[in-house]
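Q: Please take a close look at the aromatic rings in this structure, and explain each term along the way.

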Amino acid sequence: MTFQPPEPFTLHTRHSPLTTPWEPLYADIREDRWVLGIEIREPHTNSRGAPHGGLIAALADNAMGLSCGVMLKALNIPSSGLVTVCLSLDYLGAAKLGQWLTFDTDFIKPGKSLCYADATVRADGKPVARAHATFKVAGA
């Protein structure tokens, strides 16, 4: 049986060499942010069978950066992209194989040179990490 993500998630179209081995990734693209999602499979895990912290960090960074881009565009702040300046995570709990992991940016403070964001990572709706990032607005 093929995995079907919950509505309104669809396949994530922004591929990168880093995330290609983790496919399929899913996205819920909203007016104010991107929410990313993934079904936890074995290639996502560490030696203890839990999602690797690096995977969680990379996808949280991706979700927050995309979300900042949405806000910059909505505010007509010119940008040729965003570069991560600082990224930190607080791991709150463990997720397990087969769970639905989401990366939801719940705070964005856009600016002309820097953009700040926070995100919550949830496994089947339960928070398992909090992420905080600062992005340099490229071209600013």
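A: What follows is a walk through the aromatic pairs, with a short look at the backbone close to them in the sequence.

This is a predicted model, in which local features need a pLDDT of at least 70 and side-chain atom pairs count only at pLDDT 80 or more, whereas totals for chains, interfaces and linings use all residues. Residues are numbered from 1 along each chain as its sequence is written, and side-chain values use heavy atoms, with hydrogens and water left out.

A pair of aromatic rings is described by the distance of the centres and the angle of the planes. Here, rings of Phe, Tyr and Trp (for Trp, its six-membered ring) pair if their centres lie within 6.5 Å, and planes under 30 degrees apart count as stacked, over 60 as edge-to-face and the rest as tilted. A search of the whole structure with this rule finds 4 aromatic pairs.

One of them joins F3 and Y26, whose ring centres are 5.9 Å apart and whose planes stand at 55°, so this pair is tilted. Because F3 lies in the segment before strand 1 (10-11) and Y26 in strand 2 (residues 26-29), the pair ties together parts that are 23 residues apart in sequence. Helices and strands are DSSP runs numbered from the N terminus, a helix being H or I with at least four residues and a strand being E with at least two. F3 is partly exposed, with a relative accessible area of 26%, while Y26 is buried, with a relative accessible area of 8%; buried means under 20%, exposed over 50%, and partly exposed in between, for a 1.4 Å probe and protein chains only.

Another pair is formed by F9 and W100, with ring centres 5.1 Å apart and planes at 85°, so it is edge-to-face. Since F9 lies in the segment before strand 1 and W100 in strand 5 (residues 100-109), this pair ties together parts that are 91 residues apart in sequence. Both F9 and W100 are buried. Taken together, ring pairs link F3, F9, Y26 and W100 into a cluster.

The backbone of these regions also has details that can be checked in the model. In the segment before strand 1, where P8 lies, the peptide bond from E7 to P8 is cis, with omega near 0°. A further cis peptide bond runs from E23 to P24, with omega near 5°, and P24 is found in the loop between strand 1 and strand 2.
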